[in-house]
2 protein chains.
Amino acid sequence: MHLLNEVTASAPAKIILFGEHFVVYGEPAVVLAIDKRAYASVKMRSDSKIYINSADLEISGYFEKNGFIAERGGQNAELKLKPIKVAVQKVLERVRKSVGVNVEIRSSIPVAAGLGSSAAVVAAVAKASSHLLNMELSKENIFNITFESERLVHGTPSGIDPTITTYGGVLLFRKGKVFTRIDVKKDIPLIIGNTEAERSTGGLVSIVRQMQEKYPSIINPIIKAGGKIVFNAVNALENYDFTKLGELMNINHALLCAIGVSTAPLEKLVYAAREAGAYGAKLTGAGGGGCMIALSPPKRTKQVYEAIEKAGGKAFAVKKSDEGVKIED
Amino acid sequence: MHLLNEVTASAPAKIILFGEHFVVYGEPAVVLAIDKRAYASVKMRSDSKIYINSADLEISGYFEKNGFIAERGGQNAELKLKPIKVAVQKVLERVRKSVGVNVEIRSSIPVAAGLGSSAAVVAAVAKASSHLLNMELSKENIFNITFESERLVHGTPSGIDPTITTYGGVLLFRKGKVFTRIDVKKDIPLIIGNTEAERSTGGLVSIVRQMQEKYPSIINPIIKAGGKIVFNAVNALENYDFTKLGELMNINHALLCAIGVSTAPLEKLVYAAREAGAYGAKLTGAGGGGCMIALSPPKRTKQVYEAIEKAGGKAFAVKKSDEGVKIED
């Protein structure tokens, strides 16, 4: 058996184009992998420790039998690094090895911004670890390891993030980890505006649940309308009808406002993008902070970018990425 | 027959608390008369001319058999003064008199802001004119004269403005001029924020119609949710549940965003009011400019007022008014 010295894998970030929150209630969502990736490099150790170092987060430490020893980032580091350790353990269990590894994480994906940073890191680690140990896991296996590792630490996620980071492209996603690929051949040029206000997905999901329980006769038809947006959006995506996509993004954003997950800084970025000539703009992900996205005609990209920055957001242009989790050469 | 020298009447402005736009599609709306009024003073002339002077708008002129002669405001004055002239003519027709009158208008209601300024002026003129000519018209008659005078000039209004300015109070209004009174004994303290951007109700109604025709499967459930908001709001009004009213205002506002009638300046005022501690805030009327309203706890009124002003709005506090059109002593 030939063992590699060091293996690097990467996995993409994502944005939810349509259907966040409503997906919890059974409606479909459209999710898009983007060309921002997390990278994990893994190599064997001579002991049985799992050492993880996240350069960007400036946290690192050792997982051993007796617990965690922080190198940087204090005890907070353990919580953040734990899903990575769990993923490595799950890979080791599958190959029935009891070895130690060093894991180096590099990522340009903003954290706690709804872009799926955490799942991308875990998927890249699972892919690199298994490859290092000479075991080719299927995408379904990588997905399962990522999903389970995230679930242990973060509760019960929808499964959107592990799915899209594993498979890449554009997916029509439904609750219960059911998804189909949407065939989008041309690029979808988006500008992301990050409010840089961190938020908790779980907290926002429970705010919406409270609203739905208090006002079911109001919120249920809103959720239904959210589902119909996705239906129209798939059609618009397949026909590259960006005008329609923009209109649908605007309506979807307003429905997210209706269920209480937008904020003043998000609104500022959304309206700035629209006024600068975007086809449409909406918050993406859980809301309560995090990011918005704008779909812009190529001619207006610079104006939309600048408008988002001027309105207080951190802007960056992204493209659709068809590559899910993969080994880097 | 005793003829009075001069008669003054007044009629209130209004705000739509819930249901604007959706009322066009058969859902109910909640409308509230407020303590800002238009005043009309009418006296007999020795000739058959109808002279109208609006001090606030700085327009005035004479309607005669052969047409209109502007005194101030040029030919634009004719369009603005015409509903008033029509109302006077309709009163004269009823008393079968062919006399001339002088009409003086004073009003503190912002124009073209969705507060029903035009209908309040016309109702006050109809009331004052009929009283001057010793004829007591019923409220239904005043409503009909106001509705018809507005309709001739402005196309096909919903009838909300003539109804609420005639009857005052809080009304549950349905398309087809059907309304019932909602019994609200305590005050409803609101702060209005005027963006001072004038807009056309007709234009906005047709924007929404286009949306509804393009995306019926999305917009129809949104309209339905709008109706359910009103159902919940009537209950909250009767129980003085201001927390609930505020939440419902926020949801209603978002649904108005979904149908495309909000603007960046309106959003700015709405979020400023909410962040300053309002129970809730929403645009009121047709949108596209005009006004927003905030429901505020008494303790936070000053903060909400100041936040709206700081966000670029012209703020003023209003109260519910139970008095519709009436003669002033």
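## How two copies meet

A: Let's start with the symmetry of this predicted model. 100% of the interface residues of chain A are also interface residues in chain B, so the copies meet through the same surface.

Q: What rotation and shift superpose chain A on chain B?

A: A rotation of 180° does it, with 0.0 Å of shift along the axis and an RMSD of 0.0 Å. That is the relation of a two-fold axis.

Q: Okay, and how do I put a size on the interface?

A: People often quote the accessible area that is lost when the parts come together. Here the area buried between chain A and chain B is about 2,200 Å², and carbon and sulfur atoms give 72% of that. On the chain A side, Tyr215(A), Ile218(A) and Tyr271(A) supply 25% of what chain A buries against chain B, more than any other three residues. If you'd rather count residues, 26 of chain A are in contact with 26 of chain B.

Q: Which polar features should I look for, and how many salt bridges are there between chain A and chain B?

A: The count is two salt bridges between chain A and chain B. In one salt bridge, the side chain of Lys214(A) meets that of Glu247(B), at 2.9 Å from N to O. There are also four residue pairs in polar contact between the chains, with both residues at pLDDT 80 or more.

Q: Which elements give two or more residues to the side of chain A that touches chain B?

A: Four helices of chain A do: H5 (201-214), H6 (216-238), H7 (242-258) and H8 (264-275). H6(A) gives the most, with nine residues. Sorted by class, that side of chain A has 16 nonpolar, four polar and six charged residues.

Q: How should I read a helix like that?

A: Start with the repeat: an α-helix has 3.6 residues a turn, so residues three or four places apart point the same way. Then try a length check. H6(A) has 23 residues, so at 1.5 Å a residue it should span 33 Å, and its end C-alpha atoms are indeed 33 Å apart.

Q: What is the phi of Tyr240(A), which follows H6(A)?

A: The phi of Tyr240(A) is positive, near 50°.

Key. Residues are numbered from 1 along each chain as its sequence is written. Chains are lettered from A and ligands numbered from 1 in the order in which they are written. This is a predicted model: local features need pLDDT of at least 70, side-chain atom pairs count only at pLDDT 80 or more; totals for chains, interfaces and linings use all residues. Side-chain values use heavy atoms; hydrogens and water are left out. Contact means heavy atoms within 4.5 Å. Buried area is the accessible area (1.4 Å probe) that two parts lose on being put together, summed over both. A salt bridge is a side-chain nitrogen of Lys or Arg within 4 Å of a carboxyl oxygen of Asp or Glu. A polar contact is a pair of N or O atoms within 3.5 Å; within protein, one must be able to donate a hydrogen and the other to accept it, and residues adjacent in sequence count only if both atoms are side-chain atoms. Ala, Val, Leu, Ile, Met, Phe, Trp, Tyr, Cys and Pro count as nonpolar, Asp, Glu, Lys and Arg as charged, and the others, Gly among them, as polar. The expected span of a helix is 1.5 Å times one less than its number of residues. Copies are superposed by least squares on the C-alpha atoms of residues with pLDDT of at least 70 in both.
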